[in-house]
Amino acid sequence: QVQLVESGGGLVHPGGSLRLSCAASGSIFSIDAMGWYRQAPGNERELVASITSGGRTTYADSVKGRFTISRDNAKNTVDLRMNSLKPEDTAVYYCTAEILRTDGYGMPYWGQGTLVTVSS
């Protein structure tokens, strides 16, 4: 069994910063890409940032220059550092990882989501 557990969401003022963390655990053989998606009320889930096992990153245009994704392959963790937060960043943020299990099955896994609210 594999699970992703997120932490770090909360309420922050516009212009503030937050750091989201996600840890994968269980019967993991390897992890390919990891990333963060978000879903605001009434909107579809959208990609925020992703990072490959080799460290190549991709960002949504709306967060470029403000958010930074990083990972620790040894610890199976991925972080999202969010600076200069705006009200439109308010959403539930989900961690995702493409995981190959020790039984040979590979599939994407998702965390339970963590709420980020940007408001004065």
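**Entry 1: Ala91**

I started with Ala91, which I found in strand S9 (residues 91–101); helices (H or I, at least four residues) and strands (E, at least two) are DSSP runs, numbered from the N terminus. The model is predicted, so I note that local features need pLDDT of at least 70, side-chain atom pairs count only at pLDDT 80 or more, and totals for chains, interfaces and linings use all residues. Residues are numbered from 1 along each chain as its sequence is written, and side-chain values use heavy atoms, with hydrogens and water left out.

I looked up whether Ala91 is buried or exposed. Ala91 counts as buried because its relative accessibility is 2%; buried means under 20% relative accessible area, exposed over 50%, partly exposed in between (1.4 Å probe, protein chains only). Leaving aside residues up to four places away in sequence, I list Arg38, Gln39, Ala40, Thr114, Leu115 and Val116 as touching Ala91, where contact means heavy atoms within 4.5 Å. I also checked Ser50, 41 residues from Ala91 along the chain, and the two C-alpha atoms are separated by 17 Å.

**Entry 2: salt bridges**

I counted a salt bridge when a side-chain nitrogen of Lys or Arg is within 4 Å of a carboxyl oxygen of Asp or Glu. The count comes to six.

I looked at Arg38 and Asp89, whose side chains meet in a salt bridge at 3.0 Å, N to O. Arg38 lies in strand S4 (residues 28–39) and Asp89 in the loop between S8 and S9, so the pair ties together parts that are 51 residues apart in sequence. Both Arg38 and Asp89 are buried.

Asp89 also forms a salt bridge with Arg66, with the closest N and O atoms 2.8 Å apart. This pair links distant parts of the chain, as Arg66 is in the loop between strand S6 (57–59) and S7, 23 residues from Asp89. Arg66 is buried, with a relative accessible area of 10%. I noted that salt bridges sharing partners join Arg38, Glu46, Arg66 and Asp89 into one network.

**Entry 3: S7 and S8**

I followed the side chains along strand S7 (residues 67–72): Phe67, Ile69 and Arg71 point to one face and are buried, while Thr68, Ser70 and Asp72 point to the other and are not. In a regular strand the side chains alternate between the two faces of the sheet.

I then found that S7 pairs with strand S8 (residues 77–82) in the antiparallel sense over six bridges; two strands pair if DSSP finds at least two bridges between them. Ser70 stands opposite Asp79 in S8. The two strands form a hairpin with four residues between them, and Asn76 in the turn has a positive phi of about 60 degrees.
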